[in-house]
Amino acid sequence: MKKITIGEAARQSGVKVPTVRYYESIGLLAAPSRSESNQRSFEPADISRLAFIRHARELGFEIEAIRTLLTLQDDPHQSCASADAIAKARLIEVEQRIRSLMALKAELEIMVEGCGHGRVDQCRVIEVLADHGQCTHPHH
């Protein structure tokens, strides 16, 4: 079986080369074997693992959650309760972020609607940004 170089592993998994090295350095990816010239040699399983990590990161999972999910993936006969709990926690975070973004959207709409398209000294956008007390929604 042909060994895969780090560049090819990055290309196939959609992860940049420095990120592959980083994941190796923090233990998300086992150190690959090395060629006689000391180049990393990856296996297809490494590519799958990198793609899993990339996808989890795209979904916003933190590194430690991914570490736990990878540990679960490495032992497929155990209960998936931990994986479910991690996904549910991420869903709650996303729902909170959506609520926050919706409040932000409403605030910006009010700002834009209040704009008289006059001069800056009459600009509602500048006025609201200069005085947080004029915001209609509480912010964290």
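A residue counts as buried when its relative accessible area is under 20%, as exposed when that area is over 50%, and as partly exposed in between. These terms are used in the legends below, which describe a predicted model.

**Figure 1. The whole chain holds six helices and two strands.** Along the sequence, the elements follow the pattern α-α-β-β-α-α-α-α. The chain has 140 residues, of which 24% count as buried. About 9700 Å² of the chain is exposed, and carbon and sulfur atoms supply 57% of this area. Among contacts between residues at least 6 apart in sequence, 46% join residues that are at least 24 apart.

**Figure 2. F42 sits in the loop between β2 and α3.** The relative accessible area of F42 is 0%, so this residue is buried. Its contacts, leaving aside neighbours within four places in sequence, are K3, I4, T5, I6, A9, V20, L29, P32 and I47. T5, one of these contacts, is 37 residues from F42 in sequence, yet the two C-alpha atoms are 6.2 Å apart in space.

**Figure 3. Helix α2, residues 17-25, has buried residues at V20, Y23 and E24.** These three cover an arc of only 100° around the axis and therefore lie on the same side of α2. An α-helix has 3.6 residues a turn, so residues three or four places apart point the same way. P18 and S25 are on the other side of α2, where they are exposed. The cover over the buried residues of α2 includes the helices α1 (6-13), α3 (44-58) and α4 (63-74), together with the strands β1 (33-34) and β2 (40-41). V20 is also among the residues in contact with F42. After α2 comes G27, with a positive phi near 85°.

**Figure 4. N38 lies in the loop that joins β1 and β2.** Most residues other than glycine have a negative phi. N38 is not a glycine, but its phi is positive, at about 70°.

**Figure 5. A51 is part of helix α3.** With a relative accessibility of 24%, A51 counts as partly exposed, because it falls between the limits for buried and exposed. V15 is 36 residues away from A51 in sequence; in space, the C-alpha atoms of the two residues are 7.5 Å apart.

**Figure 6. Helix α5 runs over residues 81-113 and includes I98.** At 1.5 Å a residue, its 33 residues should span 48 Å, and the C-alpha atoms at its ends are 47 Å apart, which agrees. I86, E107 and M111 are the buried residues of α5.

**Figure 7. V94, I98 and M102 make a nonpolar surface patch.** The area of this patch is about 260 Å². I98, a residue of helix α5, has a relative accessibility of 46% and so counts as partly exposed. The residues that form such a patch have over 30% relative accessible area, a cut-off that I98 passes at 46%.

Terms used: Residues are numbered from 1 along each chain as its sequence is written. This is a predicted model: local features need pLDDT of at least 70, side-chain atom pairs count only at pLDDT 80 or more; totals for chains, interfaces and linings use all residues. Side-chain values use heavy atoms; hydrogens and water are left out. Patches are made of residues with over 30% relative accessible area and no salt bridge: like charges are joined within 9 Å, nonpolar side chains (Val, Leu, Ile, Met, Phe, Trp, Tyr) within 5 Å. Accessible areas come from the Shrake-Rupley method with a 1.4 Å probe; for residues, only the protein chains shown count as cover. A salt bridge is a side-chain nitrogen of Lys or Arg within 4 Å of a carboxyl oxygen of Asp or Glu. Helices (H or I, at least four residues) and strands (E, at least two) are DSSP runs, numbered from the N terminus. Buried means under 20% relative accessible area, exposed over 50%, partly exposed in between (1.4 Å probe, protein chains only). The expected span of a helix is 1.5 Å times one less than its number of residues. The arc is that of the directions from the helix axis to the C-beta atoms. Contact means heavy atoms within 4.5 Å.
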